[in-house]
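Visitor: I would like to learn how to read a protein model feature by feature. Could we begin with a helix and then move outward from there?

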Amino acid sequence: MNAASVALEPGDGGTASYARVKSDELDTRHGAILYLDEITVSFDGFKALNKLTLDIGVGELRCIIGPNGAGKTTMMDVITGKTRPDSGSVFFGQSIDLTRLSEPAIAHAGIGRKFQRPTVFENHTVFENLELAMKTDKRVRPTLLAKLSGEQRDSIHATLELIRLKDEVRRLAGLLSHGQKQWLEIGMLLIQEPKLLLLDEPVAGMTDAETERTGELLNELRGRHSLVVVEHDMDFVSGIAVGGKVTVLHEGSVLAEGTMDQVQSDPRVIEVYLGR
């Protein structure tokens with residue numbers, strides 16, 4: 001892997017807290033969009049991540065499973081800049097060192113994260129939520145005066161179609177079902193055109209029908225975006241991991257990796273996770 005320094009905007013000074021990535025095309029010539037190399041994170045002597053190493057391919061849908069405390073959330077915190085590793089490196093593409101960037105800069109680089117609980121603007125309509133997510137200038141006056149271009153409206157309507165909410169366009173987000181709020185938040189990320197999406201337990205609390213439709217949505221996103229899905233629902237994982245790779249974390253490291261059938265039949269995985 002090329003460990004070249006990230007390109008910085010003029011005037012940024014090169015500091016980790018305020019670096020901003022140039023809007024150049026992401027360098028993924030080696031086929032991977034994300035590299036984690038021997039990442040270690042300790043909290044009061046406890047190693048939440050212990051020399052964790054993995055990579056995610058361009059357009060891949062990777063499922064991450066494992067017992068509570070395995071390090072799944074900490075891994076996503078490191079990728080998005082919320083937690084700084086004690087050691088190891090995290091690269092987005094070949095040259096963007098995520099450990100040098102702030103959380104906003106990492107989002108600007110093209111990494112979107114969806115937490116388990118949906119966060120939407122409940123007093124705004126579905127359309128307005130997507131419109132607000134699209135805005136680049138978040139100051140009050142520009143936001144109030146801004147008008148959507150035809151291209152932006154087309155993008156919103158295409159996203160509404162994709163996330164199964166075209167019939168709810170004028171509905172207040174607070175009146176949506178739990179599953180619909182989850183889809184809306186995914187749409188709010190998609191409207192920003194991320195290259196990598198991190199999804200934390202996307203079907204938690206959903207009905208069976210909503211879970212099925214979420215699986216369909218993620219399968220549609222496969223290839224358009226790279227996705228990392230952390231989930232405990234093994235039936236759901238089996239449905240979206242067909243032909244793909246599943247990574248099992250345990251005690252902060254990769255315990256096993258392979259197809260769903262391979263990891264489900266691995267004695268180590270059965271002992272520490274699936275057999276419980």
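Visitor: What span should the 14 residues of H7 have at 1.5 Å a residue, and how far apart are its end C-alpha atoms?

Guide: The expected span of a helix is 1.5 Å times one less than its number of residues, and helices here are DSSP runs of H or I with at least four residues, while strands are runs of E with at least two, numbered from the N terminus. For the 14 residues of H7 the expected span is 20 Å, and the end C-alpha atoms are 20 Å apart, which agrees. Please keep in mind that this is a predicted model, in which local features need pLDDT of at least 70 and side-chain atom pairs count only at pLDDT 80 or more, whereas totals for chains, interfaces and linings use all residues. Residues are numbered from 1 along each chain as its sequence is written, and side-chain values use heavy atoms, with hydrogens and water left out.

Visitor: Which residues of H7 are buried, and which are exposed?

Guide: Buried means under 20% relative accessible area, exposed means over 50%, and partly exposed lies in between, with a 1.4 Å probe and protein chains only. An α-helix has 3.6 residues a turn, so residues three or four places apart point the same way. In H7 the buried residues are Glu210, Thr211, Thr214, Gly215, Leu217, Leu218 and Leu221. They cover an arc of only 165° around the axis, taken from the directions from the helix axis to the C-beta atoms, and this puts them on the same side of H7. On the other side of H7, Asp208 and Glu212 are exposed.

Visitor: What covers the buried residues of H7?

Guide: Contact means heavy atoms within 4.5 Å. The cover includes S3, helix H5 (150–162), H6, S7, S8 and helix H8 (234–240). Helix H7, residues 208–221, lies across strand S3 (61–65), S7 and S8, and runs at about 150° to S8; such angles run from 0 to 180 degrees between N-to-C directions, with axes fitted to C-alpha atoms, for helices over the stretch in contact.

Visitor: In what order do the 6 strands of the open sheet stand?

Guide: Strands of a sheet pair through backbone hydrogen bonds, either parallel or antiparallel, and two strands count as paired if DSSP finds at least two bridges between them. In this open sheet the order is S6-S7-S8-S3-S9-S10, with mixed pairing. Strand S6 (111–114) and strand S10 (253–258) stand at the edges with a single partner strand each, so one side of each is left without a neighbour in the sheet. Strands S7 (196–200) and S8 (226–230) are a parallel pair with 5 bridges, and within it Leu199 stands opposite Val229 of S8. Helix H6 (178–190) also packs on the sheet, touching S6 and S7.

Visitor: How many residues are in the largest nonpolar core, and which of them touch the most other members?

Guide: A nonpolar core is a set of buried Ala, Val, Leu, Ile, Met, Phe, Trp, Tyr and Cys residues joined through side-chain atoms within 4.5 Å. The largest has 48 residues, of which Ile156, Leu160, Leu184, Leu218, Leu221, Val237 and Val246 touch the most other members. H6 gives the most to this core, with 6 residues. A second, separate core has 30 residues, including Ile96, Ile111, Leu198 and Val230.

Visitor: Where is Glu251 placed, and is it buried or exposed?

Guide: Glu251 sits in the loop between strand S9 (246–250) and S10, and it is exposed, with a relative accessible area of 56%. Its phi is positive, about 55°, although Glu251 is not a glycine.
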